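Colleague: I'd like a close look at one part of this model, the small open sheet. Could you walk me through how the strands are arranged and what surrounds them, then place that against the rest of the chain?

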Amino acid sequence: MNENGKSDSDKVPEKFSNKSEKSDAEKMEGRKLTKENERQRHMRQTQGWESVHSKLQLVHQKAKEDKKRRFTALMHHIYDIDVLRAAYSCLKRNAAPGIDKETWRSYGENLEGNLQALSEKLKKNAYRAKPVRRVYIPKPDGRQRPLGVTALEDKVVQRATVEVLNAIYEADFLGYSYGFRPGRNQHKALDAVYAGLVVSKVDYVLDADIRDFFGSINHEWMVKFIEHRIADKRVVRLIQKWMNAGVLEDEEVTYSEAGTPQGGSISPLLANVYLHYAYDLWVKQWRKKQGYGNVIFVRFADDSVAGFQYKSDAEQFLMELKERLRKFGLELHPEKTRLIEFGRYASEMRRKRGEGKPETFKFLGFTHICGKTKGGKFTVHRQTIVKKLHAKVKAVKAELIKRMHAPIQDTGKWLKTVVVGHFQYFGVTGNFKAMNVFRYRVYWTWRRVLSRRSQKGYVTWNKMDALIKRWMPNPQIYHEHPLRRIGVITQGRSRVR
């Protein structure tokens, strides 16, 4: 949480690329790739990125040495064939096609020829960004989240651009920014929040969420922020092409002077750049010059948590934050932004005033609750957000109904991946009860679906127990206790501020 990133136990990554997205094993002529082919593919991909990072290391070093340096020659890195090839190799294999109807597999049938043609278009400034195809995915509250499906060549160029720009911006971004950055993830942000609340003197928490952030990014400010570091006009124009490409929905393309479509590789980086200048740097100055007590801060994309020792600091911060964000066309979500009493003394102070238990706050899928250890010390309990648990079970039920007549073994394999995936994210200390609830509701739902297809109208528990034993793994802790990971750093003189 320190702006230099020293609160994170993990070393600063030597590679500055965003993590490539994992994909399912490819299929060739209806058969899975052999282990040897899979190993060779991963080896080629790793070697490709190592070559790219080697070429960009000098750019990264110059960015670290001179924080005011503006880079004038970057475009040749983006249209480099090796960079484009590495960018293509890490795209999702089974992603939905964009407006061009091009899939990862079809583009790869003539990969070298396609990449050579793409490189030439970028060199000659003949590259044109295509509109993104609008799709909607359901949110836990029943609303629809809009996403943009990007054309494949746009994905390749965006991915290459992200790698090049990361070489610069990873030298600038502050330590309390965790979203969509190499070597950082949700659980490191969660660990930072936990350590800050438990170790530091914090009695008030501001859980802040920016309303429709990706749809509110001001294009003019975005360009100004980019130009702080990027003086290569071709790269700036490239970014503008994506921001102005438009959105295809119901056979009609619409354009907007604000926002960046979610779903493209470039959007998370642009979001971090925007919030770095509009939010993070301001927080750094505010807590140095205006905060009287301890102040902690963690941000993951547009979702942030700030902790304060004094209520006056918290209220002043919130008031000034609203003004700060308004300057850049942003607004805090009135329903999702809350200032609450939360910390080691919250329970005692509320009890003296005759009030109930301290309020809770939600961050990255977990409800955070004031609690006590078995030894009576203050701790923060983290439990799966109930709405997210219900929404996940509902989604599993819908898929099980679709698979009602599929072979039980196939459905069991799929369910196992779902349950394990859920545990891999929510498997933190103290969350066993919620994980058990999820597991129970999943296999109860499966039994009901199996009963519907049975001629008897039910499935015996003996048979169900055998299926559960085979396909329903028990809850497991996947993430070490935060203070075991970073406790050494936060002993004595705390660095979590």
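Modeller: Here is the sheet, strand by strand, followed by a few other spots in the chain.

Keep in mind that this is a predicted model. The protein chain has 18 helices and 13 strands, and the sheet you're asking about is an open one of three strands, in the order E11-E12-E13, with antiparallel pairing. Strand E11 (361-363) and strand E13 (378-384) are the edge strands, each pairing on one side only. From one strand to the next, the twist averages 40 degrees.

Let's take the E11 side. Strand E12 (residues 366-372) runs antiparallel to E11, and three bridges join the two. Phe 361 has His 368 in E12 as its bridge partner, while Phe 363 is matched with Phe 366 in E12. The hairpin of E11 and E12 has two residues between the strands, and Leu 364 there takes a positive phi near 55 degrees.

Now the other side. E12 and E13 also run antiparallel, and here seven bridges do the joining. One place to look is Gly 371, which stands opposite Thr 379 in E13. The hairpin of E12 and E13 has five residues between the strands, and in this one Gly 376 has the positive phi, near 90 degrees.

How enclosed is E12? Five of its seven residues are buried, so E12 is largely enclosed by the rest of the structure. As for Cys 370, its relative accessibility is 15%, so it counts as buried, the cut-off being under 20%. Cys 90 is buried as well, with a relative accessible area of 2%. If you were wondering about cross-links, the structure holds zero disulfides.

The sheet also has a helix against it. Helix H7 (residues 186-199) packs on the sheet and touches E11, E12 and E13. The direction of H7 makes about 150 degrees with that of E13.

Away from the sheet, the aromatics are worth a tour. The structure holds 24 aromatic pairs. In one of them, the ring centres of Trp 286 and Phe 308 are 6.4 Å apart with the planes at 85 degrees, so the pair is edge-to-face. Trp 286 lies in helix H11 (residues 266-289) and Phe 308 in strand E9 (residues 303-308), so this pair ties together parts that are 22 residues apart in sequence. Both Trp 286 and Phe 308 are buried.

Tyr 440 and Trp 444 make a stacked pair, with 6.2 Å centre to centre and 20 degrees between the planes. Both lie in helix H16 (residues 432-453), four residues apart, which is about one turn of the helix. Tyr 440 is partly exposed, at a relative accessible area of 43%, and Trp 444 also counts as partly exposed, at 34% relative accessibility.

There's a cluster to look at too: ring pairs link Phe 213, Phe 214, Trp 221, Phe 225, Tyr 274, Tyr 277 and Phe 328. Then there are arginines over rings. Arg 69 lies over the face of Phe 71, at 5.4 Å from the ring centre, and Arg 184 lies over the face of Tyr 178, at 4.7 Å from the ring centre.

Tyr 178 turns up again around another arginine, Arg 299, since the two touch. Arg 299 is found in strand E8 (residues 295-300) and is buried, with a relative accessible area of 1%. Leaving out residues up to four places away in sequence, Arg 299 touches Tyr 176, Ser 177, Tyr 178, Gly 179, Asn 272, Leu 275, Tyr 279, Asp 280 and Ser 304. Arg 299 and Asp 209 are 90 residues apart in sequence, and their C-alpha atoms are 9.9 Å apart in space.

To put these spots in the context of the chain, buried residues make up 49% of its 497 residues. Among contacts with a separation of 6 or more, residues 24 or more positions apart account for 74%.

Key: Residues numbered from 1 in each chain as written. Predicted model: local features only at pLDDT ≥ 70, side-chain atom pairs only at ≥ 80, totals over all residues. Heavy atoms only, no water. Pairing = 2+ DSSP bridges. Axes fitted to C-alpha atoms, helices over the stretch in contact; angles between N-to-C directions. Contact = heavy atoms within 4.5 Å. Phe/Tyr/Trp six-rings, centres within 6.5 Å; stacked < 30°, edge-to-face > 60°. Buried < 20%, exposed > 50% of the residue type's maximum accessible area, 1.4 Å probe, protein only. Lys NZ or Arg CZ within 6 Å of the ring centre and 35° of its normal. Disulfide = S-S within 2.5 Å.
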